[in-house]
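Biologist: Could we go through this structure together? I would like to start with general properties and then turn to the interior.

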Amino acid sequence: MKKSLLFICSSNIDRSKAAEELFKKSKMFNAESAGTHDDSIKHVNQIMINEADIIFVMSEGTNHHLTYLKNNFNIRNKKIHDLHVRDIYFKDDIRLKHLLRKRISKIIKGSL
């Protein structure tokens with residue numbers, strides 16, 4: 001059975017979308033992405049949180065994504081990891097994809 005990954009950034013345009021796309025052809029993981037801002041392409045909701053096996057936030061330090069989840073959802077017993085990726089990249093930036101692969105693979109044990 002595939003594990004479900006959820007990637008959270010601010011607007012669901014660049015960082016979380018790029019992370020989701022890394023798993024398009026994965027046989028081990030399903031990936032979804034969402035944003036915390038009201039004008040997000042896809043806004044995070046409790047159903048997404050509930051269905052995720054692992055949740056990744058892009059940046060608590062600069063964007064307070066984890067704080068947003070804590071203040072708005074029941075995240076008890078959820079595995080949540082901060083990838084520490086600042087909002088300085090566009091979705092197709094090769095540097096972003098490399099950074100995401102490196103940080104995510106440390107957490108999911110090289111499955112990328």
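Biologist: What percentage of the 112 residues in the chain is buried?

Modeller: Buried residues account for 42% of the 112, where buried means under 20% relative accessible area with a 1.4 Å probe, protein chains only. This is a predicted model, in which local features need pLDDT of at least 70 and side-chain atom pairs count only at pLDDT 80 or more, while totals for chains, interfaces and linings use all residues. Residues are numbered from 1 along each chain as its sequence is written, and side-chain values use heavy atoms, leaving out hydrogens and water.

Biologist: Which elements does the chain have, and in what order do they run?

Modeller: There are five helices and four strands, assigned as DSSP runs (H or I, at least four residues, for helices; E, at least two, for strands). From the N terminus, the order is β-α-β-α-β-α-α-β-α.

Biologist: Turning to the interior, which residues touch the most other members of the largest nonpolar core?

Modeller: Phe7, Phe23, Phe56, Met58, Val85, Leu100 and Ile104 do, within a core of 19 residues. Such a core is a set of buried Ala, Val, Leu, Ile, Met, Phe, Trp, Tyr and Cys residues joined through side-chain atoms within 4.5 Å.

Biologist: Which element supplies the largest share of this core?

Modeller: α5 does, with four residues. A second, separate core has 12 residues, including Ile8 and Met48.

Biologist: And what box do the C-alpha atoms fill?

Modeller: Along the principal axes, the box is roughly 35 × 30 × 20 Å.

Key. Buried < 20%, exposed > 50% of the residue type's maximum accessible area, 1.4 Å probe, protein only.
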